Amino acid sequence: MKTAPQLVAEAKQRIKEVPISTLEQQLAHPIIVLDVREPDEYRQGFVPGAINVPRGILETSLTNLPQAKGAEAPLEELAEQDIYLYCRSGARSALAAESLMRMGFTKVYSVEGGFEAWKKADLRIELP
């Protein structure tokens with residue numbers, strides 16, 4: 001039997017995890033930023049430009065992203081873009097990144113420390 005922290009640790013060995021400074025720099029480029037926290041967490045503030053797609057519905061909601069609208073092959077087109085995922089602390093985003101990689105996405109990055117690290121660094125946040 002594995003614990004949740006063990007699953008997260010294993011996922012982090014298989015995914016690409018980046019510091020918040022990388023996400024901050026990449027915001028100037030055309031990327032997709034997904035906030036995989038729950039809606040009530042998202043309403044308390046989020047990384048500029050982030051789209052809220054809770055972890056529990058991530059895989060089934062990808063084709064609803066604005067970047068996928070009208071695409072003939074939405075998942076394939078999304079897979080060509082850099083996708084940055086974050087949650088509160090980095091655990092859910094690590095599991096989400098692993099799941100997207102299992103779906104065939106290769107340009108997926110989990111943000112180390114999540115939104116807590118973003119706020120601690122006093123970086124700009126947006127409110128809905």
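**Exercise 1. Describe the overall fold and packing of the protein chain in this predicted model.**

Solution. Of the 128 residues of the protein chain, 41% count as buried. Next, take the extent: along the principal axes, the C-alpha atoms fill a box of roughly 40 × 40 × 25 Å. The radius of gyration of the protein chain is 14 Å, and a compact globule with 128 residues would have a value near 14 Å, so the two agree.

Then list the secondary structure. The protein chain has seven helices and five strands. Along the sequence, these elements follow the pattern α-β-α-β-α-β-α-α-β-α-β-α.

Last, consider the contacts in the protein chain with a separation of 6 or more. Residues 24 or more positions apart account for 66% of these contacts.

**Exercise 2. Characterise the packing of helix α1 against helix α6.**

Solution. Two packed helices are described by the angle between their axes and the distance between the axes.

Step 1, the geometry. Helix α1 covers residues 4-14 and helix α6 covers residues 91-103. Their axes come within 9 Å and cross at roughly 55°.

Step 2, the orientation class. An angle between 35 and 65 degrees is neither roughly parallel nor roughly perpendicular; α1 and α6 are therefore oblique to each other.

Step 3, the handedness. The crossing in which α1 passes α6 is left-handed.

Step 4, the residues. On the α1 side, Leu-7, Val-8, Ala-11, Lys-12 and Arg-14 take part. They meet Ala-91, Ala-94, Leu-95, Glu-98 and Met-101 in α6. Sorted by class, this contact has seven nonpolar, no polar and three charged residues.

**Exercise 3. Place Gln-6 and Gln-81 in the structure, and state how far the C-alpha atom of each is from that of Phe-105.**

Solution. Start with Gln-6, which lies in helix α1. Its relative accessible area is 39%, so Gln-6 is partly exposed. Gln-6 and Phe-105 are 99 residues apart along the chain, and their C-alpha atoms are separated by 23 Å.

Now take Gln-81. This residue is found in the loop between α5 (74-79) and β4 (83-86). With 24% relative accessibility, Gln-81 counts as partly exposed. From Gln-81 to Phe-105 the separation is 24 residues in sequence and 9.2 Å in space, C-alpha to C-alpha. Leaving aside neighbours within four places in sequence, Gln-81 is in contact with Ile-32, Gln-67 and Lys-107.

**Exercise 4. Decide whether Glu-41 and Ile-20 are buried or exposed, and list their contacts beyond the neighbours within four places in sequence.**

Solution. The cut-off for buried is under 20% relative accessible area.

Glu-41 lies in helix α3 (residues 39-42). Its relative accessibility is 17%, so Glu-41 counts as buried. With neighbours within four places left aside, Glu-41 is in contact with Arg-88 and Arg-92.

Ile-20 is placed in helix α2 (residues 20-26). At 15% relative accessibility, Ile-20 counts as buried. Under the exclusion of neighbours within four places, Ile-20 is in contact with Val-111, Glu-112, Gly-114, Ala-117, Trp-118, Ala-121 and Leu-123. For one of these partners, Ala-121, the sequence separation from Ile-20 is 101 residues and the C-alpha to C-alpha distance is 8.6 Å.

**Exercise 5. Examine Asp-122 and Leu-127, both in the segment after α7.**

Solution. The cut-off for exposed is over 50% relative accessible area.

Begin with Asp-122, which follows α7 (114-120). At 69% relative accessibility, Asp-122 counts as exposed. For the backbone, recall the usual sign: most residues other than glycine have a negative phi. Asp-122 has a positive phi of about 60° although it is not a glycine.

Leu-127 is in the segment after α7. Its relative accessibility is 59%, so Leu-127 counts as exposed. Where does Leu-127 make contact, leaving aside neighbours within four places in sequence? The partners are Arg-43, Gln-44, Gly-45 and Phe-46. Of these, take Gly-45: Leu-127 and Gly-45 are 82 residues apart in sequence, with a C-alpha to C-alpha distance of 4.7 Å.

How values were computed: Residues are numbered from 1 along each chain as its sequence is written. This is a predicted model: local features need pLDDT of at least 70, side-chain atom pairs count only at pLDDT 80 or more; totals for chains, interfaces and linings use all residues. Side-chain values use heavy atoms; hydrogens and water are left out. Axes are lines fitted to C-alpha atoms, for helices over the stretch in contact, and angles run from 0 to 180 degrees between N-to-C directions. Helices (H or I, at least four residues) and strands (E, at least two) are DSSP runs, numbered from the N terminus. Angles under 35 degrees count as roughly parallel, over 145 as roughly antiparallel, 65 to 115 as roughly perpendicular and the rest as oblique. A crossing is left-handed if the near helix is turned anticlockwise from the far one by less than a right angle, and right-handed if clockwise. Contact means heavy atoms within 4.5 Å. Ala, Val, Leu, Ile, Met, Phe, Trp, Tyr, Cys and Pro count as nonpolar, Asp, Glu, Lys and Arg as charged, and the others, Gly among them, as polar. Buried means under 20% relative accessible area, exposed over 50%, partly exposed in between (1.4 Å probe, protein chains only). The radius of gyration is taken over C-alpha atoms; the globule rule is 2.2 Å times the number of residues to the power 0.38.
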